[in-house]
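User: I'd like to go through this model with you. Could you take my questions one at a time?

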Amino acid sequence: MRPALLLLPLLASLSALAVTPTAPIPSPALAEQLQRGETTYVLACAMCHGDRLEGVSAPELSGDDFRALYRKLPPRALHDLIRDTMPYDRRGTLSAQEVLDVTAYLLRENGLPLPEGSLTRDTLDQVNEPDPAPTPDQAPAH
Ligand code: HEC
């Protein structure tokens, strides 16, 4: 018996479960973007922020505080932070598309709202799912 090998399918299905119950099925364009974003994350971010976004030498990119902060902000906030300051040791090395992709990946992994279709320069300020319980000062001013 090789217990580690037996665990692999289980881990794969667990990580699939982590995203699917709440998030709607992504459009094909979004599914591709999330795949690219995951690749960028693994190659450029995971060494400091952890394979599961849990934080290693750098802060976690998940958890209640992270979610609470970025739930209140449009995708642009996270996008611009990554574009301007990350990867911490090699800022400015990601392409514009890679920044969009990895932003979408982080939002999705945290169950945070993403615009319809994929995340593009034109949808950075757009959020589909309004905060379920906006407080009076956060209510959108339409
Ligand atoms: C060399 C290590 C390193 C790498 C690689 C790295 N980061 Fe970071 N990251 C940090 C550190 C350190 C901080 C905290 C910076 C600070 O507090 O000023 C940080 C902070 C962040 C934050 C802000 C977290 C918060 O709580 O607001 C985000 C988002 C982030 N990184 C995303 C990324 C992404 C996406 C990548 C890959 C493209 C990446 N980082 C690559 C070290 C790294």
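User: What span does helix H2 reach from its first C-alpha to its last?

Analyst: Helix H2 covers residues 28-44, so 17 residues, where helices are DSSP runs of H or I with at least four residues, numbered from the N terminus. At 1.5 Å times one less than the number of residues, the expected span is 24 Å. The model comes close to that, reaching 24 Å. Mind that this is a predicted model, where local features need pLDDT of at least 70, side-chain atom pairs count only at pLDDT 80 or more, and totals for chains, interfaces and linings use all residues. Residues are numbered from 1 along each chain as its sequence is written. So the span is 24 Å.

User: Why do the buried residues of H2 line one face of the helix?

Analyst: Buried means 20 or more other C-beta atoms within 10 Å of a residue's own, exposed 12 or fewer, partly exposed in between, with C-beta atoms placed from the backbone. In H2 the buried ones are Leu 30, Gln 33, Leu 34, Gly 37, Thr 40 and Tyr 41. Going by directions from the helix axis to the C-beta atoms, they line one face because they fall within an arc of 125°.

User: Which residues are exposed on the other side of H2?

Analyst: Away from the buried face, the exposed set is Pro 28, Ala 31, Gln 35 and Leu 43.

User: Which peptide bond is cis?

Analyst: Most peptide bonds are trans. In the loop between helix H5 (75-85) and H6 sits Pro 87. With omega about -10°, the cis bond joins Met 86 and Pro 87.

How values were computed
Helices (H or I, at least four residues) and strands (E, at least two) are DSSP runs, numbered from the N terminus.
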